[in-house]
Amino acid sequence: MRETLAVFRKELRSLFVSPIPYLVAIVFSAFMTWFVFEKQIFLVLRQANLDSLFGLLPIVMAVVVPAIAMRMWSEEIRGETIETLMTSPVRVRHLVAGKFLAAMVVVALCLAATAALPVTVSVLGDIDTGPMLGGYLGALLLGGAYLSIGLWLSSKTRNQIVAFLVGVVACIVLALVGQIGSSATGGDLQRFLSSICARDRFDAIARGVVDLRDVAYFGSIIAFFLYLNVESVENRRHA
Amino acid sequence: MTTQATPAPVADRTKERASPVALSLLSAALLFVALVLGNALIGRTVVRADLTEDGRYTLSDATRKVVSSLSDPCQVRVYWSDEVPNTAEPVRRNLDGLLEEYASVSGGKLTVTWVKMDDAGKKEASEKGLAEEQFFYFSASKREVAKGYAGLVVHHGSKTEVLQPLFERGGEDGYSLAQNLEYVLTTTIFKMSREKPPIVAVVADSSAPPMDFMHRGGGGGDKSTVFVQRFLEPTYGTALRRSVDLEDPVPADVSTLVVFAPKDWSEKKAYHLEQFVLRGGKALLLLNPVDLDVAFRGQQPTRSGLEDWLKAQGVELAPGVVADFDESCHPAVMLEDGRVATFPFWVRVLQDNLDRRNPAIRDFKAVTLYMPSEVVVDADKQKAAGRTTTPLAWTSASGWRKDDATGIDRFAEGPEGKVLGKKTLMVALDGTFTSAWKGKRAPDEPEPPPAPPADAAMGEPAMGEPAMDGATPPTEAPMGEPAMTEPAMEGATPPAEAPTGAPAMAEPAMDGAKGPEGEAGDGKKPAEKPARLDEGKGLLVVLGDADLVSDDFSGGRRDRTGGLTNLWNGVAGFYFVTNVVDWMTGSADLVSLRARESVLRKLDEVSDEQAGGIKAANYAAAPLLLVLVGLLVYFVRRHRR
């Protein structure tokens with residue numbers, strides 16, 4: 001745990017000395033604000049909830065989170081600093097966990113950058129805090145799932161752009177897999193696709209119900225891809 | 001001959017060892033399988049936290065009470081076709097979760113079966129009475145329609161109920177679980193499982209056949225006929241008393257009273273209504289000061305006789321008639337001369353103007369009230385009296401009340417120069433009611449004996465006997481029964497109206513199923529007159545219109561009024577009142593079981609200037625804060641160096 005925290009602090013420092021996380025958060029917040037106020041005509045519909053924000057979040061995060069994750073390993077590989085890391089006494093799993101947690105702080109920062117909206121809703125109306133908390137909790141879990149995929153893909157290539165593009169595609173597929181097909185898809189397949197659809201799971205939490213099944217789903221994705229990340233880095237050491 | 005020991009093949013061993021990549025893949029595959037199994041196991045459990053303020057996604061206490069007290073097995077069979085598009089899949093999951101909760105709180109009494117929807121399943125669905133529904137979805141950027149079954153059938157004993165639809169459509173192709181599904185399902189189970197259904201009594205003053213203003217010479221009939229026969233009877237059957245007369249106390253077994261267009265009621269009737277409410281009864285008053293006769297034949301507004309009593313309870317029906325000038329809240333009618341005119345006094349109450357927390361009425365897209373009256377209630381005074389006030393229906397902001405009903409038949413009323421505003425048309429009062437006769441003699445009590453003259457002889461027994469007052473001839477008292485205990489023997493009951501020897505007012509047999517005449521002299525022991533109450537908790541619902549459940553506006557008659565209202569309103573009014581009755585007859589728990597999602601949380605209206613400021617603040621807040629955080633990090637690092 002101590003090792004993980006040490007890596008986390010180091011990664012956090014290196015992340016926040018660059019303007020990138022701030023820019024990502026600002027662009028993310030500006031886009032979400034534009035979408036909510038201009039496209040969803042938030043002040044015209046006058047609904048005291050954050051549905052318009054959370055409705056788009058799974059898709060926007062599918063682009064933003066891979067952008068945060070793309071450089072986490074690719075840059076180490078490209079700059080060959082990964083060799084130094086491999087020879088350090090820190091275990092790979094601690095490296096992966098530390099990087100993941102540091103990147104999660106950036107994801108949380110992006111989400112926090114949308115806080116003006118719930119504040120607006122609270123001032124202008126009577127917001128139900130349950131769905132709001134559920135929405136942000138779901139967004140963190142969804143961000144964690146996307147991030148673990150992005151980190152794994154980042155560890156597979158030295159090219160950040162490739163990591164980003166493949167990450168975006170993977171996250172969007174995960175978000176929309178429940179919508180693939182039509183009624184002709186058939187019941188069982190449809191049910192299966194919906195059960196692995198991140199957006200459906202996120203929507204379930206964003207309505208204000210934290211179900212162990214949904215948390216376990218996101219936890220499983222995070223655990224699985226972080227494990228693949230560890231294995232990927234280990235394999236690089238053995239190669 | 002020497003035997004050489006085979007050297008350990010070091011190189012071969014290395015070859016045999018699996019490569020790290022293969023091991024890595026294997027371990028990843030094992031982890032994947034473990035996670036899938038773990039998720040499958042967790043999928044069988046229901047562990048969740050409902051964070052919503054009103055516990056919207058958690059079964060209410062009422063549902064838990066109803067389901068956990070099931071005495072016989074209850075089966076819920078779900079019919080969900082494969083054709084239902086995947087956009088509705090979250091609904092299926094929510095439904096599954098909801099039904100799982102029902103099953104879990106029932107202690108094994110309620111079982112849920114998802115029927116396999118092959119040909120046999122579809123046939124069964126059809127036989128049970130489920131209808132195929134249309135679902136819209138996008139396929140390759142094309143909007144398509146699928147037909148499929150999505151419904152529930154509840155079995156309890158020999159009873160079967162179909163619940164459909166389960167959806168609410170939202171957005172282009174989005175579906176969500178019907179918000180009042182818990183209410184509907186619980187109410188259904190409650191109705192099916194209760195051994196003794198609640199008794200509903202209808203009090204309808206018989207009236208002369210009304211004239212049809214558009215078809216003079218047409219019309220007629222008992223105003224309540226359609227309502228009772230077509231709408232209440234199927235639900236309540238033998239538990240429906242068709243015509244209770246409030247000249248007598250309401251029978252003790254009646255739980256809900258529907259008072260239809262009362263006319264010139266005596267104090268005694270009002271008193272009996274009041275005592276019923278004080279005993280915990282639920283009364284729905286459909287008051288109708290302005291009907292077709294008043295509006296189009298110049299008659300005076302109808303006096304119900306309940307005005308004073310209602311006033312004592314803090315409720316008044318404002319004089320005149322309410323109009324709604326909002327374009328979508330009134331119809332255009334065709335006049336006899338062929339002209340088409342708008343008629344704002346047929347007030348179309350839209351869904352937004354119905355209490356969205358009340359599951360009985362919230363799903364109505366619109367219901368039309370015909371020449372309604374405004375119900376005036378001071379909520380603060382009601383609260384001080386121990387009652388909660390819930391407006392159930394009101395006009396749009398373009399509502400207006402005309403002080404009298406004269407001249408509305410000229411179809412010339414417009415909003416110009418009038419002060420418009422929302423007018424309450426229906427209200428529910430729930431809580432403690434105080435008798436309007438508290439501290440006074442009740443109207444059904446005998447006149448107190450006149451004060452004895454100063455020189456009267458002391459100890460005359462007859463003077464002190466309430467039932468033996470002078471207005472009641474002693475000869476009419478049933479033989480062998482002490483007259484003083486006979487409620488029917490009071491002076492106000494004319495002997496001619498009371499069946500000989502049968503105290504009609506105390507007879508539960510006064511319900512429609514058994515006419516009072518039929519009961520005369522049957523030798524039954526009369527039921528005791530209920531004790532007088534000065535205070536009690538009850539529910540009173542007041543609606544400023546009764547025409548919505550009158551034959552005149554049923555749309556069923558083949559005259560022009562019927563045809564017109566059929567186009568305009570259909571039978572929504574009948575369903576509306578039936579739903580309200582349904583809601584009122586539920587147990588106290590069911591009444592509190594509402595569609596909790598229905599609370600529409602709205603933002604305050606803002607001016608364009610304010611909206612601009614809010615937008616700017618939202619755009620600027622995050623960047624400013626992030627820049628500040630960035631600068632802070634920068635200076636901290638610089639300081640450390």
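## Terms

A cavity is a set of grid points where a 1.4 Å probe fits but cannot get out. Rolling a probe the size of a water molecule over the atoms shows where empty space is left. The model described here is predicted.

## Cavities

The structure holds six cavities of 30 Å³ or more. The largest cavity contains about 60 Å³ of space.

Ten names make no long list, so they can be read by chain: from chain A, the lining of the largest cavity takes A:Ser29, A:Met32, A:Thr33, A:Val36, A:Leu53, A:Ala113, A:Thr114, A:Ala116 and A:Leu117. From chain B comes B:Asn618. Two elements of chain A, helix 2 (20–39) and helix 7 (116–124), each give two or more residues to this lining. Helix 2 of chain A gives the most, with four residues.

What is the division of the lining residues into nonpolar, polar and charged? Six are nonpolar, four are polar and none is charged.

## Chain A

Chain A has 12 helices and one strand. Read from the N terminus, the order of elements is α-α-α-α-α-α-α-α-α-α-α-β-α, with the strand standing just before the final helix.

Of the 239 residues in chain A, 60% are buried. Among contacts in chain A with a separation of 6 or more, 77% are between residues 24 or more positions apart.

The exposed area of chain A is about 9,500 Å². Carbon and sulfur atoms supply 68% of that area.

Methods. Residues are numbered from 1 along each chain as its sequence is written. Chains are lettered from A and ligands numbered from 1 in the order in which they are written. This is a predicted model: local features need pLDDT of at least 70, side-chain atom pairs count only at pLDDT 80 or more; totals for chains, interfaces and linings use all residues. Side-chain values use heavy atoms; hydrogens and water are left out. On a 1 Å grid over the protein atoms alone, a cavity is a set of points where a 1.4 Å probe fits but cannot get out, and a pocket is an open set with protein on both sides within 12 Å along at least five of seven lines; lining residues have an atom within 4 Å of a point. Grid points are joined across faces, edges and corners, and a volume is the space filled by probe spheres set on the points. Ala, Val, Leu, Ile, Met, Phe, Trp, Tyr, Cys and Pro count as nonpolar, Asp, Glu, Lys and Arg as charged, and the others, Gly among them, as polar. Buried means under 20% relative accessible area, exposed over 50%, partly exposed in between (1.4 Å probe, protein chains only). Contact means heavy atoms within 4.5 Å. Accessible areas come from the Shrake-Rupley method with a 1.4 Å probe; for residues, only the protein chains shown count as cover.
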